[in-house]
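Q: Please take a close look at one part of this model with me, and follow the chain outward from there. I would like one connected account, with the distances and contacts spelled out.

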Amino acid sequence: MKHFLIFVLMFLAFCVAAQPDPLRQKAREIHRRLLTIDTHTDVPMVMSKPDFDINQKHAYNDANNSTVDFPRMREGGMDAMFFAIYLGQGPLSPEAHKEVKVKALSIYKAVHDALKKYPDIAELALTAADAARLNKAGKLAVYIGMENGYPIGDDVASLKQFYDLGCRYLTLCHSFNNLICDSSTDPKGALYGGLSPMGVRVIQELNRLGIVPDLSHVSDETVMDVLRVSTKPVIASHSNARALCDVPRNLPDSLIKAIAAKGGVVQVNFVSDFLKPPSPAFAAELREARARYFKATEANRESIRLEINAIEKKYAHERANITDLVRHIDYIAKLVGPDHVGIGSDFDGGGGVTGCEDVSQIENITFELLKMGYSEETLAKIWGGNILRVLRATESK
Ligand SMILES: [Zn+2]
C-alpha cells in the first residue's frame, strides 16, 4: 500500500510537471509575433576569424564563447540585430588613424561578404522600414553600427563613406578618449570636458547623413554636449542604469531623462558587471585585464580574452541573472516611460547572463517582463518599436 501511494504521488507530480506553463506558452506566442531588434552585438569580431561560419550553429560554452549566429537568431526569435564594427582605441596619430580605417573597412567587408554568402537567410538593412520588410520575406535583418569613431581620424567627411557601407549609428568613442569626445572610462580623465570642436562637426554631419549618434561609452559631459548639438534623437545602444549599478559606463537618471526628453532610447545590455555591482576584488581584476585587452595588439588579445574568461569563471557566483537584467529595463521604463527603453545585448562583447546566455534564449526576457505585467503592446515598443521610431526620425530630412 505504501509503495502504491508513493507511486500515485510520483505520477501526480509528473503530470503537474508535464503540464505546459500557460504563461510560458503565452510568452512564446507573443514573442513570435513581436518584431525583435537588438542594437548591439559584437559578432563581427568573431566573424573576422577564418574558421567562423555565421550560418553554422555554435554554442555559448564552446571555445569561442559564441553567442550569436544565424541559426540561433532564428531559434530565439531575434528578427534584427545591429552588428557592431568595433575598433579598439589606439594612439591619436595620423599613421594609427590610417591603419584603423583600413581595419574598419576590412570588418565591413567581412559582414558584407557573409551576407552575400547567405542571401536567402539574411540581408543588410538600411532603413527603419527594412526590418519589417525582411521579416515578412522570412529573412533576418542585419543593421550595421560602428563602435568607436576612431577610424574617421580627423576627416569628418569620411563619415559619408561609412554611411554608404551601411553604418546607421556611430558610437562616438570606446573605452578611451579620441578626437571626437571624452570617454566615460579613460583613466587619464577628460580631454575636452565633453565633445571636442571636431566632435561638434561630427554630430552635425551624422544628423545630415542620417546616422544615429550613439552615446554608450561616452562621458556624462559628452552626453550633455551631444544632446545640445544634435537636432535628431540619440540612443545609447548598450547602456544600463547607474542607479542600480554604479559604474561610469552606466547612465545616471538625469541623463536617461535627458535622452528620453529628446525622443531617444536607452538600450539595456546583458553585461554582468554593468547589471549588478561586482565585488571590489572581481571589479579590480576585470578592470585590470580589460585595460590590457583594449591596449593590446590583435595578436595578444586572444590570450587576454581567455584570462578574462577565467576571471569570470572564478567569480561565477557573482554573475548577474535574468532578473537583474529585466530590473534595469523595468527601472528605465518606470523612470521615463516604456517609449525610451530597449535591448542592446552586447552579445559577443561580454553580454550574457544566467537565464539568457545567448541569442537563442531571448524569449526568456519576454517571459520575465510578461510576468511583471508588461503588455504585448509595451513589449513591442521595448523589443523594436522604440528604436525604429528613432531610425525613422533620423531618416527624415
Ligand atoms: Zn561596448
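A: Happy to help: what follows starts at the metal site and then moves to the surrounding elements. Please keep in mind that this is a predicted model.

Let's begin with the zinc ion. Its protein donors are Glu147, through OE, and two histidines, His217 and His238, each through NE2. These donors lie 2.0 to 2.2 Å from the zinc ion. Written along the chain, the donors follow the spacing E-x69-H-x20-H. Histidine 217 sits in the loop between strand 6 (212-214) and helix 9 (220-229), while histidine 238 sits in the loop between strand 7 (235-236) and helix 10 (253-261), so the pair ties together parts that are 21 residues apart in sequence. Histidine 217 and histidine 238 are both buried.

Histidine 217 deserves a longer look. Its relative accessibility is 9%, which means that histidine 217 counts as buried. The side chain of histidine 217 makes a polar contact of 3.1 Å with the side chain of glutamate 147, a residue that is also one of the zinc donors. A polar contact of 3.3 Å joins the side chain of histidine 217 to that of arginine 249. With neighbours within four places in sequence left aside, the contacts of histidine 217 are Glu147, Thr171, Cys173, His174, Ser175, Ser183, Ser184, His238 and Arg249. That list includes Glu147 and His238, which are zinc donors themselves.

Now to glutamate 147 and what comes before it in the chain. Strand 4 covers residues 140-147, and the loop between helix 6 and strand 4 is where lysine 139 is found. The side chain of lysine 139 makes a polar contact with the side chain of glutamate 123, at 2.9 Å. Beyond its neighbours within four places in sequence, lysine 139 touches Arg74, Pro119, Asp120, Ile121, Ala122, Glu123 and Leu134.

Leu134 leads us back to helix 6, residues 128-136, where Ala128, Asp130, Ala131 and Leu134 are buried. These four cover an arc of only 165° around the axis, so they are on the same side of helix 6. Ala129 and Lys136 are exposed, on the other side of the helix. What do the buried residues of helix 6 pack against? Their partners are strand 1 (37-41), strand 3 (122-124), strand 4 and helix 16 (376-395). After helix 6 comes glycine 138, with a positive phi near 80°.

Helix 10, on the other end of the loop that holds histidine 238, can be read in a similar way. Its buried residues are Leu255, Ile256, Ile259 and Ala260. Seen down the axis, they fall within an arc of 140°, so they line one face of helix 10. The elements covering these buried residues include helix 9, strand 8 (265-268) and helix 14 (322-336). Just after helix 10, glycine 263 has a positive phi of about 90°.

Next, the nonpolar interior. Nonpolar side chains in soluble globular proteins tend to be buried together. In this model the largest nonpolar core has 88 residues, of which Ile54, Phe70, Phe83, Leu172, Val202 and Ile365 touch the most other members. Helix 5 gives the most to this core, with eight residues. Another core lies apart from it, with 18 residues that include Ala80, Ile387, Val390 and Leu391.

Just ahead of helix 5 (94-117), serine 93 lies in the loop that comes after strand 2 (80-86). A polar atom of the serine 93 side chain lies 3.1 Å from the backbone nitrogen of alanine 96. For a sense of scale, serine 93 and arginine 242 are 33 Å apart from C-alpha to C-alpha, with their positions 149 residues apart in sequence.

Finally, the cysteines. The structure holds zero disulfides. Cysteine 167 is in none, and the nearest cysteine sulfur, belonging to cysteine 181, is 15 Å away. With 2% relative accessibility, cysteine 167 counts as buried. Cysteine 356 is likewise in no disulfide, and its nearest cysteine sulfur, that of cysteine 245, is 18 Å away. Cysteine 356 has 0% relative accessibility and counts as buried.

Conventions. Residues numbered from 1 in each chain as written. Predicted model: local features only at pLDDT ≥ 70, side-chain atom pairs only at ≥ 80, totals over all residues. Heavy atoms only, no water. Buried < 20%, exposed > 50% of the residue type's maximum accessible area, 1.4 Å probe, protein only. Helix = DSSP H or I, 4+ residues; strand = E, 2+ residues; numbered from the N terminus. Arc of directions from axis to C-beta. Contact = heavy atoms within 4.5 Å. Donors = N, O, S within 2.8 Å, 3.2 Å for Na, K, Ca; no water. Disulfide = S-S within 2.5 Å. Polar contact = N/O pair within 3.5 Å; in protein donor to acceptor, adjacent residues only side chain to side chain. Core = buried A, V, L, I, M, F, W, Y, C linked by side-chain atoms within 4.5 Å.
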